[in-house]
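Please examine the structure below. The briefing that follows concerns the packing of helices and the pairing of aromatic rings.

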Amino acid sequence: MPRVKRGTVRRAKRKRLLGRAKGFFLNKSKLYRAAKEAVDKALGYAFVGRRNKKRDFRRLWIVRINAAAHEHNWTYRELVHGLTLAGITIDRKHLADLAVNDKLGFKTILEQARRASDAAPKPVAPKPAAPKPVAPKPAAAAKPKAKAKAKA
């Protein structure tokens, strides 16, 4: 089998990886092996970070919506339930944007949700079942106590 030296391909590969490691601390931006490990780790963190960003923004939107709902003496839970009953399909991102930038628009949506919630039939609480009589437990036989070890 002929020998392959990989000349330009190897150089291009290393240059591309070192370019990705630019700005890393000490050897991680200069030596190939250290840079490769650092870049692989960084790409792993970036992957996780992209998912965490979605989670963080959703939490932020919920906090903003809840704060705006509390200004009108309502909770986030009641608002979302009212929106569902009213058939209003607006995502949290846009609802939070309305809550921050358009107070009047948010109040309008909240009033629609409140009307739908008030018009919805209230669930009837089931009657509590009669408690079952509890039979007394028979007395357990007394167990003999273990003998204490004698101290030397």
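In this predicted model, helix α2 passes helix α4 in a left-handed crossing, meaning that the near helix is turned anticlockwise from the far one by less than a right angle. Helices are DSSP runs (H or I, at least four residues), numbered from the N terminus.

**Basis of the model**
- Local features need pLDDT of at least 70 and side-chain atom pairs count only at pLDDT 80 or more, whereas totals for chains, interfaces and linings use all residues.
- Residues are numbered from 1 along each chain, and side-chain values use heavy atoms, without hydrogens or water.

**Packing of α2 and α4**
- Helix α2 covers residues 32-71 and helix α4 residues 92-101; they pack at an angle of about 45°, with their axes 9 Å apart.
- This angle makes α2 oblique to α4 (neither under 35 degrees, nor over 145, nor 65 to 115).
- The contact (heavy atoms within 4.5 Å) involves R58, W61, I62, R64, I65 and A68 of α2, together with R92, K93, L95, A96, A99 and V100 of α4.
- The residues of this contact comprise 8 nonpolar, no polar and 4 charged; Asp, Glu, Lys and Arg count as charged.

**The aromatic pair**
- The structure holds 1 aromatic pair (ring centres within 6.5 Å).
- F57 and W61 form this pair, with 5.9 Å from centre to centre and 35° between the planes, which is tilted (neither under 30 degrees nor over 60).
- F57 and W61 are 4 residues apart in helix α2, and therefore separated by about one helical turn.
- F57 is partly exposed, at 40% relative accessible area, and W61 is also partly exposed, at 21% (between the limits of 20% for buried and 50% for exposed).

Definitions and conventions. Axes fitted to C-alpha atoms, helices over the stretch in contact; angles between N-to-C directions. Helix = DSSP H or I, 4+ residues; strand = E, 2+ residues; numbered from the N terminus. Phe/Tyr/Trp six-rings, centres within 6.5 Å; stacked < 30°, edge-to-face > 60°. Buried < 20%, exposed > 50% of the residue type's maximum accessible area, 1.4 Å probe, protein only.
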